[in-house]
Amino acid sequence: MQKLRVCDARKQETVGQQACLQGWIRTRRDSKGGFSFLEVNDGSCLANIQIIADNSLSNYETEIKKLSAGCSVSLEGEIKESGGKGQTTEVLATSITVHGWADPEEFPLQKKRHSFEKLREWAHLRPRTNAFGAVARVRNSICRSIHDFFQEESFLYVHTPIITASDCEGAGEMFRVTTLDLETIAEKACQLDYSFDFFDRPSFLTVSGQLEAEIYATALGKVYTFGPTFRAENSNTSRHLAEFWMIEPEMAFYELPDNMDVAERFLKRIVTDALDRCSEDMEFFNLRVDDTILATLQSVLDNEFVRLPYTEAVEILEKSGVAFDFPVRWGIDLQSEHERFLTEQHFHAPVIVYDFPRSIKPFYMYVNDDGKTVRAMDVLAPNVGEIIGGSQREDRLDVLTSRMAEQDLNAEEYWWYIDLRRFGTVPHSGFGLGLERLVQFVTGMKNIRDVIPFPRTPGSADF
Ligand code: ATP
Ligand code: MN
């Protein structure tokens, strides 16, 4: 018999078909007429399908009347038109096999609704809830759109290393990678000698694939990376993870405005696809998580992103009259509260802030003619704040090396990066986008720990 997923069995055109369905019981309701209603979910969509189990089934008294939330079943039956509210089809079962029981006294998801905080304790069970199922499907849709978008725009997907000996910006706090036996070293209090270490030098988990992506962009034109990224910053916030996924396009012959165009087109495409492919899940987020999310996303699609020089952003913040925790003046890095004010309160739209002070930005960003600012851009999005950070890269050899000296970086370690400016240098640009912040932006989920299956945060890496 043909196996159908619940999302397919719910379609009108399957009425009359014999099918096999497999999934987990959400609820059981017994009717006085000698039959039971089972709600079954298989994760293929948010909705359950209703199964009618008649007492003529051989295991009706012995098994079916004992089914409870969490039990796994395979069932066969005929798909019928349903008169019930919110469903087009239901299944009249001819047989039901129970694979696994879930003791209602012990199964944690027996209770209808738990807080997201509580559910974090059950990373192994939370995907069986409506919210985490919906997040998983939307996250999957976003990943598919990421590849679709870049592939359709003729970008090459390249893989950059996860283990690296260079610290991309001298900025990120990095996790160390070593095969040295730290316990023995500590015990014997001997000197740390990296020549005994696996890579012969201090090595780390990457904070960004940008520098390596530049190598490929300056050979192949347009490239993107999409992979895991690590930051050991000890920030326990609702938008920082120690391990997250980053999308980093890098384009030769692109200047800052071209970079902004890609970022805007990209975000709009992701939103369009999510609304289109995951409409049921998106309705759920609007109903249960953030009742403005659909309106917000629609307005993101309908309007152009605001493009705002940093200097003007500072003026707006200074004139706002808001008492920010971090006082605003020209030269500071924008804090989350400033970012959110600009995008949520002032413009009610995504904002691309650009031309930041050179003193707060890394060495590889292109220095403007004013000498004071660099061609950096941050895309600020409602609900999230900074979702994208990018720049036009410094492609002039002399400016790059003097910027490195200014930031006390050892040019010898970056000899290969400098070579890209010595041999056939070109204007080029790119940006980094955190996948999890993107999922937060699309779903309205408040905490970044709830949009990645297994969050890694300070003090937490269980499973
Ligand atoms: P923030 O100021 O918010 O800490 P950042 O400026 O350090 O971010 P970038 O180095 O510009 O971040 O990284 C590019 C993008 O990667 C960010 O815009 C964000 O979407 C994402 N990102 C950075 N750090 C994290 C993190 N710890 N957890 C999740 N996503 C992150
Ligand atoms: Mn940034």
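Accessible areas here come from the Shrake-Rupley method with a 1.4 Å probe, and for residues only the protein chains shown count as cover. The structure is a predicted model, in which local features need pLDDT of at least 70 and side-chain atom pairs count only at pLDDT 80 or more, while totals for chains, interfaces and linings use all residues. Residues are numbered from 1 along each chain as its sequence is written, chains are lettered from A and ligands numbered from 1 in the order in which they are written, and side-chain values use heavy atoms, with hydrogens and water left out.

**Exercise 1. Describe the chain as a whole, from its surface to its contacts.**

Step 1. The chain exposes about 22,100 Å², of which carbon and sulfur atoms supply 50%, and its C-alpha atoms fill a box of roughly 85 × 60 × 45 Å along the principal axes.

Step 2. Burial is judged by relative accessible area (buried under 20%, exposed over 50%, partly exposed in between, with a 1.4 Å probe and protein chains only); by this criterion 51% of the 463 residues count as buried.

Step 3. Helices and strands are DSSP runs numbered from the N terminus (helices H or I, at least four residues; strands E, at least two), and the chain has 13 helices and 16 strands.

Step 4. With contact taken as heavy atoms within 4.5 Å, 67% of the contacts between residues at least 6 apart in sequence join residues at least 24 apart.

**Exercise 2. Trace the salt bridges of Arg269 and set them beside that of Arg5.**

Step 1. A salt bridge is a side-chain nitrogen of Lys or Arg within 4 Å of a carboxyl oxygen of Asp or Glu, and a search of the whole structure finds 30 of them.

Step 2. Arg269 meets Glu152 in a salt bridge with an N to O distance of 3.0 Å. Because Arg269 lies in helix α6 (residues 256–277) and Glu152 in helix α3 (residues 130–152), this pair ties together parts that are 117 residues apart in sequence. Glu152 counts as exposed, at 57% relative accessibility.

Step 3. Arg269 also forms a salt bridge with Asp273, whose closest N and O atoms are 2.8 Å apart. These two residues are four apart in helix α6, and therefore separated by about one helical turn. Asp273 is buried, at 9% relative accessibility.

Step 4. Salt bridges that share partners join Arg144, Asp148, Glu152, Arg269, Asp273 and Arg277 into one network.

Step 5. Arg5 pairs with Asp8, the closest N and O atoms being 3.6 Å apart; Arg5 is partly exposed at 47% relative accessible area, and Asp8 is likewise partly exposed, at 22%.

**Exercise 3. Locate the nonpolar cores and describe the surroundings of Phe285 and helix α12.**

Step 1. A nonpolar core is a set of buried Ala, Val, Leu, Ile, Met, Phe, Trp, Tyr and Cys residues joined through side-chain atoms within 4.5 Å. The largest has 88 residues, and those with the most contacts inside it are Ile96, Phe285 and Phe441.

Step 2. When neighbours within four places in sequence are left aside, the contacts of Phe285 include Ala131, Ala134, Val135 and Val138, together with Ile293 and Met445.

Step 3. A second, separate core of 33 residues includes Phe324, Phe341, Ala349 and Tyr417.

Step 4. Tyr417 belongs to helix α12 (residues 415–422), where Ile418, Asp419, Leu420 and Arg421 are buried as well. The elements covering the buried residues of α12 include α5 (210–220), α11 (397–406) and β16 (428–434), and the helix is followed by Gly424, whose phi is positive, near 65°.

**Exercise 4. Examine the loop positions Phe253, Asn383 and Glu173.**

Step 1. Most residues other than glycine have a negative phi. Phe253, although not a glycine, has a positive phi of about 65°; this residue is placed in the loop between β11 (243–252) and α6, and is exposed, with a relative accessible area of 61%.

Step 2. Asn383, also not a glycine, has a positive phi of about 80°. Its place is the loop between β14 (373–381) and β15 (385–392), where Asn383 is partly exposed at 24% relative accessible area.

Step 3. Glu173 is found in the loop between β7 (163–164) and β8 (176–177). Not counting residues up to four places away in sequence, Glu173 touches Val207, Arg231, Ala232 and Glu233, while its C-alpha lies 12 Å from that of Ser208, which is 35 residues away in sequence.
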